[in-house]
Structure formats: C-alpha cells, structure tokens
Amino acid sequence: MATKNNKKNVSLGKPMVAGVAYRAPAGTALPADATTALAATYECVGFLGEDGITNATDTDNTTINDMGGVQVINEISSYAETYQFIMIETRVESLKARYGSDNVTATGDGDANTLTVLHTMPDGESCVWVFEILMTGNRVKRIIIPDATISEVGDITYSSTDVIGYDVTYSANPSDLIDGATSKEIIAPLSKDATKALKQALHAAA
C-alpha cells in the first residue's frame, strides 16, 4: 500500500528546555542515539538567536558534453556543509566557541566570575558539536558533527536596542567516525518519562 500524507511528520524545530547547542573537545566520544543524556564533557553554549540554526550545503557540478554539444554527464563533484547560528549568552562556553578555547579564561565562580578574551585569528581548532532539536509530535532530532572548525564569524553590535550576539559559522568536515560523512542526525520519539519531564520543565519555565 502506498503511504499517504501525514501531518504528524510536519515539524517545527525548537530547542530543548535544557539547551540546543553543545560543544566538546575533538575526540570526545559521540552519542550513540538520540535520547541518552550527553556526557558532561559536552558544554551547552546557551540560548541561540531567534533565527535558530542554518544548515547550508555548497556543491559544485562537473558537466561533460560530447562532440555534438549534447550533455552526457552532470554530476556533483564537490560537497561542503556548514552550520551557522548566533549565540546570545555571554558565558565561558559561548566565548570559547567564538574565539577559541585557548583564548578565553575565567576566574571566580558562577555568575561572579571574570572573563578575559583574546581576539586573534582562529587557529583551526577542531571540536565536536551536538544540536538537540525538539520536533513536533514528541520526537527529538540529534545532529552530531564529529569534526567542526570555525570558518566564518559575524559582526558584533553593541547598542541599547540589539542583543550582544556571537555569530559563528562552523564547517562540518568529513569524519571516519561516521563513515566519511560530514554530520549525522538521529530522529527518535521521546519516551513517556522524557515527555513528562519536558512538560514539567516547560510549565516551570512559563
């Protein structure tokens, strides 16, 4: 039987209550599924701007014509993938994601700490990213990037009307950890317990 349209498969992409974007050092073990809690090594970079996460691809095509001018080959010859987002919390984790781990230091504890940030050319630091996307119908999408390097940064505006945001674009590089792919996503239903906990968290945050 042919499958039919199903509106349950139409989804918005929302952040999980605890966070959406997590960063870890290169070589950190990757999550094996969509719902098991991430290891403590993965650090949340905080709230993202309202435009969310943009996953872009860049491709080049190779086109071959025969001697009569008829196209005989038109295929993708190169492929690249990036993820762009704006972090709107000024915290250790977001600053390291923007300026590099070695360029950010913190002294003190919690909200009372002092942050020092060196502005330098990115050094190609590789890291792991995981994005947790809450989908319609009590499903979750976990996007895993085993080898990400920063490839572009946006301007920062300081004013009384704009939030201070750290606009970054990360290149997702091919990784043997996911069979040479650039990123991997896993979509799974939330368990009843996880759904209940999510509803309680949303109620508490309201």
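**Overall layout.** I began with the secondary structure of this predicted model and counted two helices and 11 strands in the chain. Reading along the sequence, I noted the order β-β-β-β-β-α-β-β-β-β-β-β-α. I then took the extent of the C-alpha trace along its principal axes, which comes to about 75 × 50 × 40 Å. Of the 206 residues, 31% count as buried, and I found an exposed area of about 13,200 Å² for the chain, of which carbon and sulfur atoms supply 52%. When I looked at contacts with a separation of 6 or more, 61% of them turned out to join residues 24 or more positions apart. For the charges I counted 15 positive and 26 negative side chains, and the centres of the two sets lie 17 Å apart.

**Strand β8, cover.** I next asked how far the strand at residues 127-135 is covered, and nine of its nine residues proved to be buried. In a regular strand the side chains alternate between the two faces of the sheet. I therefore checked each side of β8 separately, and both are covered: Cys127, Trp129, Phe131, Ile133 and Met135 are buried on one side, while Val128, Val130, Glu132 and Leu134 are buried on the other.

**Strand β8, partners.** Which strands pair with β8, and in what sense? I found strand β1 (residues 13-15) antiparallel to β8 over three bridges, with lysine 14 having leucine 134 as its bridge partner. Strand β2 (residues 21-25) is also antiparallel to β8, here over five bridges, and in this pairing tyrosine 22 stands opposite valine 130. Strand β9 (residues 139-153) runs antiparallel to β8 as well, joined to it by eight bridges. Within β9 I identified isoleucine 144 as the bridge partner of valine 130, so that I have valine 130 recorded opposite tyrosine 22 in one pairing and opposite isoleucine 144 in another. Three residues lie between the strands in the hairpin of β8 and β9, and I noted that glycine 137 there takes a positive phi near 85 degrees.

**Nonpolar cores.** I turned to the largest nonpolar core, which has 23 residues, and listed the members that touch the most others: Phe85, Met87, Trp129, Phe131 and Tyr170. At least two residues of this core come from each of β5 (71-87), α1 (92-99), β8, β9 and β10 (166-172). Apart from it I found another core, of 13 residues, and among them are Ala24, Cys44, Val128 and Val130. I then followed phenylalanine 85 and, leaving out residues up to four places away in sequence, recorded that it touches Leu48, Gly52, Ile53, Trp129, Phe131, Tyr166, Asp167, Val168 and Tyr170.

**Tyrosine 42.** My last entry concerns a loop residue: tyrosine 42 is found between β2 and β3 (43-44). Is tyrosine 42 buried or exposed? I count tyrosine 42 as buried, because its relative accessibility is 7%, against a cut-off of under 20%. Setting aside neighbours within four places in sequence, I listed its contacts as Tyr22, Arg23, Ala24, Thr28, Ala29, Leu30, Pro31, Val128 and Val130. I also checked the C-alpha atoms of tyrosine 42 and valine 130, which are separated by 8.1 Å although the two residues are 88 residues apart along the chain.

Technical notes:
Residues numbered from 1 in each chain as written. Predicted model: local features only at pLDDT ≥ 70, side-chain atom pairs only at ≥ 80, totals over all residues. Heavy atoms only, no water. Buried < 20%, exposed > 50% of the residue type's maximum accessible area, 1.4 Å probe, protein only. Helix = DSSP H or I, 4+ residues; strand = E, 2+ residues; numbered from the N terminus. Pairing = 2+ DSSP bridges. Core = buried A, V, L, I, M, F, W, Y, C linked by side-chain atoms within 4.5 Å. Contact = heavy atoms within 4.5 Å. Areas by Shrake-Rupley, 256 points an atom, 1.4 Å probe, with all protein chains shown as cover. Lys, Arg positive; Asp, Glu negative; His and termini not counted. Charge placed at Lys NZ, Arg CZ, Asp CG, Glu CD.
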